Amino acid sequence: MNRIRIALIGYGNVGKAFAEMLLRKKDYLRETFDTEAVITAICTRRLGGCLQPEGIDTKALTDDMFDRSLDALAIIGSGEYDVMAELTPIDIMTGQPATDHIRKALSLEKHVITANKGPVAWHYRELRDLAKEKGVSFCHEATVMDGVPVYNLAKENLMGCRVTALEGILNATTNFILSEMEKGVSFEDAIQEGRRQGFVEADPGMDIDGWDASAKLTALMNVLMDVQITPMDIRRTGIGEVTPEDIEAAKRQGKRIKLLCRGWIEDGKPVGVVEPALVEEGSLALTMEGTASYVTIYTDLMGGVTVIEHPFEPEIDHTAYGVLSDLLRILTDHSRSVQ
Ligand SMILES: NC(=O)c1ccc[n+]([C@@H]2O[C@H](COP(=O)([O-])OP(=O)(O)OC[C@H]3O[C@@H](n4cnc5c(N)ncnc54)[C@H](OP(=O)(O)O)[C@@H]3O)[C@@H](O)[C@H]2O)c1
C-alpha cells in the first residue's frame with residue numbers, strides 16, 4: 001500500500017475536522033487509491049510543531065507532544081511530508097504568513113492545499129507558476145464556498161470555456177444577517193444569533209464591511225479569469241449602512257437586499273464589485289436564505305453555470321471536504337510521488 005504524508009500548518013477548526021475526516025475515509029482511501037494518508041506534522045502558533053515521520057495519532061495528540069522551537073517554516077523546511085495543508089487564519093490585507101508557508105513548501109517540491117484565501121487573493125499567479133515549475137500541485141478548492149466545486153468545476157468540467165464574468169453571494173454571515181433583518185430581527189441580534197450558531201466570528205467586521213466577500217471574489221477572478229488583482233482593487237461596500245427601512249422598502253417591491261459580488265472584464269481590464277444590491281423576483285440571488293451561497297460562472301461556450309452551497313450541519317465538514325477533495329485530486333494526478 002502507498003503512503004501519502006501530510007503536514008498540517010494550522011490545527012484549528014478546519015485542521016481538526018480534516019484530520020477527523022481522513023480517519024472516516026480511511027477505508028475509502030485504501031480501497032480506491034491503495035493509499036494510507038498519514039499526518040506526519042502538525043503546527044500551531046501557540047504550541048509550535050509536532051513532527052513524527054512515522055505518523056501522528058491525532059486522537060491521542062496532547063500539547064506536550066509539541067516542540068515550541070518548531071515554527072511553521074521549520075516544520076515546512078523539515079520536508080517530512082508530501083502534501084502541506086495551509087490552514088492558518090487569513091490576513092486579508094496581506095495574505096501572510098500563509099503565502100510564505102506556501103512558497104516555501106512549493107519550492108521544496110511539495111504539493112500544497114490551502115483553505116486560506118489570502119494567498120490566492122494576493123499571490124495566485126506567482127504561486128501557480130512556482131507549482132508548475134516544480135511539478136507539484138497548488139490546490140485551493142476550500143477557499144471559496146468550502147467544498148463546493150467551483151474552481152474544479154471550471155477547470156475540469158468546463159474545459160475549453162473562457163470565463164467572461166462571475167456573480168454570486170459569497171459571504172454567509174452577511175446573507176444571514178440580511179435574511180434575519182427581513183424577519184424583523186435587529187442587526188445586532190442577528191449577529192448574536194449567528195455567533196450562537198457558531199458561524200459568525202467574534203469580530204465580524206471583515207464580513208460586514210465586505211472584505212471577506214472581496215477576497216473571495218478576487219480569488220475567483222484571479223484563478224478563473226486569469227487576472228492579477230488584489231482585494232484592494234474591488235469596489236467594495238459592506239452592509240453596515242443597510243437599515244431596517246431599506247429592507248422594508250425592498251420587501252414592499254417584492255425585492256430583497258443582498259450583498260452581491262460581481263466580476264467582469266471591461267475595456268480589457270478586470271472590474272470587481274461587492275455591494276448591497278436590490279435583487280428582483282426571478283433572480284437566483286433572491287432565493288438565497290440564511291447561510292446559503294452561490295456563484296454563477298459565465299462562459300463563452302456554456303453561458304452561465306451555477307453552483308449553490310446549501311446550509312449543512314456540521315458546516316465545518318464542507319470546508320474539510322474541500323481540503324479532502326484537493327488531496328484526492330493530488331492522489332489522482334500524482335500517484336507516482338507518493339511513497
Ligand atoms: N472555519 C471555516 O468554516 C472556514 C471555511 C473556509 C475557509 N476557512 C479558512 O481556513 C483557514 C483555517 O480556518 P480555521 O477556522 O481552522 O481557523 P482557526 O480555528 O482559527 O485555526 C487556525 C490555526 O492556525 C494556527 N496558526 C495561526 N497562525 C499560525 C502560524 N503563524 N503558524 C502556524 N500556525 C498558525 C492556529 O494556532 P493557535 O491556535 O495556536 O493560534 C490554529 O491552530 C482560515 O484561513 C480560514 O479563513 C475556514
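How many nonpolar, polar and charged residues does the shell around the ligand have? The legends below take up this question first, then turn to other parts of this predicted model.

**Figure 1. The shell around the ligand.** By class, this shell has 13 nonpolar, 8 polar and 3 charged residues. In total, 24 residues surround the ligand. Gly10, Gly12, Thr44, Arg46 and Asn116 are the closest. Three elements each give two or more residues to the shell: α1 (13–24), β2 (35–44) and α12 (316–333). Helix α1 provides the largest share, with 3 residues.

**Figure 2. Helix α7 and its surroundings.** Helix α7 runs over residues 172–182 and is mostly covered. Of its 11 residues, 9 are buried. The buried stretch at the start of the list reads Ala172, Thr173, Thr174, Asn175, Phe176, Ile177 and Leu178. Glu180 and Met181 are buried as well. What do the buried residues of α7 pack against? Their helical partners are α8 (187–197), α9 (205–208) and α11 (244–252). Their strand partners are β7 (163–169), β9 (256–266) and β11 (293–299).

**Figure 3. The residue Gly184, just after α7.** Gly184 follows shortly after the helix. Its phi is positive, at about 95°.

**Figure 4. The contact between domain 1 and domain 2.** The domain assignment splits the chain into domain 1 (2–146 + 317–337) and domain 2 (157–312). Domain 1 is thus given as two segments, and domain 2 as one. The C-alpha centres of the two domains lie 28 Å apart. Domain 1 brings 13 residues to the contact, and domain 2 brings 17 residues. Which helix gives the most to the side of domain 1 that touches domain 2? Helix α5 (residues 117–134) does, with 7 residues. By class, that side of domain 1 divides into 7 nonpolar, 3 polar and 3 charged residues.

**Figure 5. The whole chain, for orientation.** The chain has 12 helices and 12 strands. Its radius of gyration is 20 Å, close to the 20 Å that the globule rule gives for 339 residues, so the chain is as compact as a globular protein of that length. Along the principal axes, the C-alpha trace spans about 65 × 45 × 35 Å. Buried residues make up 46% of the 339 residues. Among contacts with a separation of 6 or more, 71% join residues 24 or more positions apart.

Notes. Residues numbered from 1 in each chain as written. Predicted model: local features only at pLDDT ≥ 70, side-chain atom pairs only at ≥ 80, totals over all residues. Buried ≥ 20, exposed ≤ 12 C-beta atoms within 10 Å, placed from the backbone. Helix = DSSP H or I, 4+ residues; strand = E, 2+ residues; numbered from the N terminus. Contact = placed C-beta atoms within 7 Å. Near = placed C-beta within 6 Å. Nonpolar A, V, L, I, M, F, W, Y, C, P; charged D, E, K, R; others polar. Domains from an automatic or database assignment. Rg over C-alpha atoms; globule rule 2.2 N^0.38 Å.
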